[in-house]
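Trainee: I am new to this structure and would like to ask how its descriptions are justified. Could we look at it together?

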Amino acid sequence: MRRDNLLDHLPHVLLLGPGPSSVAPATYHAVAQPTLGHLDADLFCIMDEVKCGLRELMGTENELSIAISGTGSSGMEAAFVNVVEPGDKVLTLINGFFAGRMAEVAERLGATVTRLEFPWGQPLDIPAVQEQLQKEQYDIVAMVHAETSTGVCNPADVIGALLKDYGALFIVDAVTSLGGLPLQADKWGADIIYSCSQKGLACPPGLAPITFSERALGKFRGRKNKVPNWYLDAGLLAQYWGGEKRVYHHTISSNLVYALYQAMYNLMEEGLENVFLRQRQAHEYLVQELEKLGMEMLVAPAYRLPMLNTVKIPAGMDEAAVRMRLRKEHHIEIGAGLGPLAGQIFRIGLMGYNARPEVVDRLITALEKTMND
Ligand SMILES: *Cc1c(COP(=O)(O)O)cnc(C)c1O
């Protein structure tokens, strides 16, 4: 190995992309606390509080509200692998990249997947969803609440209300919305909601919050065969995260648990209503300042995500060069477009700790300078 330590020269990058977001200082402090054993009673006390915090953030009374050891995609895998059996009919509502990934995950588990597709940049079309539900019976319906690839907020509440007449399990991806928008798992009738640590919670990546309703666990218990993934098996995870006697399953990162705990503690101290308001105000301020620079948003105001802002690239702008210069000269990371939106948009995240006016000011100043050059 080289004898100069690369960490001595690590830049402090302001993370304004689609995630990870900048980690709050108190949360960095939490990560550096002494590592505890994965079966330590003190760690279990913290994990119990994590479960309480997740219930509050996700709007649920579900007992099994835990964090999977892995990123947001491990939450996605855990959601599907526990309830999908080969031959199950899964309806995926797709208006962006991440709903497409859900379809891919369900297909690999042997589900018969229907992809109901909508234009990227627009919300899910309710009458079209209703029509599809009347046409065919589904075991599972899956959607993305905050579609990070487009900046669209999808109506999880309305889709959930529709589904009450049909009996399908309802899986919601809240990877980007958790911590920035209110989630109401129980009110929406969502059976599984999963998320990640590194976006709205302003934690390092590595944990995926997830909650399972009794109905979801009913389908899990009624499986003909074991869950085809030992690491993500909800039954085994439940025995580690709760119950009379905790059973060893895997060596959870106690340091990441501290981080998740501290991140939620920060939000509760600020008050969730205040957090959501701060998030909305930072978004509105950003949009106002971007429009002053002559830039235009991709998504209509009513459907915009406050934490992920998609901005059209002005004609003639070399978008890759702008992102490169922001990173190199101003130590700011913003995101590029994905799939059909590649080269068409910037994705500017104002997630968690970064949803503040001074952060918007720093970005706008840097962006203006870069554009003028
Ligand atoms: C980021 C993201 C994911 C994937 O999360 P990873 O932490 O990258 O695995 C899934 N769904 C949505 C909506 C996301 O924004």
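**Contacts around the ligand**

Mentor: Gladly. In this predicted model, a side-chain N or O atom of glutamine 198 is 2.7 Å from an oxygen atom of the ligand.

Trainee: What makes that pair of glutamine 198 and the ligand a polar contact?

Mentor: A polar contact needs two N or O atoms within 3.5 Å. The pair at glutamine 198 is 2.7 Å apart, so it qualifies. Aspartate 173 qualifies too, because one of its side-chain N or O atoms lies 2.7 Å from a nitrogen atom of the ligand. For serine 73, a polar side-chain atom is 2.6 Å from a ligand oxygen atom, so the cut-off is met there as well.

Trainee: How much of the ligand's accessible area does the protein cover?

Mentor: On its own the ligand has 380 Å² of accessible area, and the protein covers 88% of it.

Trainee: Which elements give two or more residues to the shell around the ligand?

Mentor: They are α3 (72–83) and α4 (97–108). α3 gives the most, with 3 residues. In all, 14 residues surround the ligand, with Thr71, Ser73, Thr148, Asp173 and Lys199 the closest.

Trainee: Why is Asp173, in that shell, counted as charged?

Mentor: Asp belongs to the charged class along with Glu, Lys and Arg, so Asp173 is counted there. By class, the shell has 5 nonpolar, 6 polar and 3 charged residues.

Trainee: And what is the volume of the largest pocket?

Mentor: About 430 Å³. Of its 18 lining residues, those closest to the centre are His12, Val13, Ser22, Val23 and Tyr28.

How values were computed
Residues numbered from 1 in each chain as written. Predicted model: local features only at pLDDT ≥ 70, side-chain atom pairs only at ≥ 80, totals over all residues. Heavy atoms only, no water. 1 Å grid on protein atoms, 1.4 Å probe; cavity = no way out; pocket = protein on both sides within 12 Å on 5 of 7 lines; lining within 4 Å. Points joined across faces, edges and corners; volume = space filled by probe spheres on them. Near = heavy atom within 4 Å. Polar contact = N/O pair within 3.5 Å; in protein donor to acceptor, adjacent residues only side chain to side chain. Areas by Shrake-Rupley, 256 points an atom, 1.4 Å probe, with all protein chains shown as cover. Helix = DSSP H or I, 4+ residues; strand = E, 2+ residues; numbered from the N terminus.
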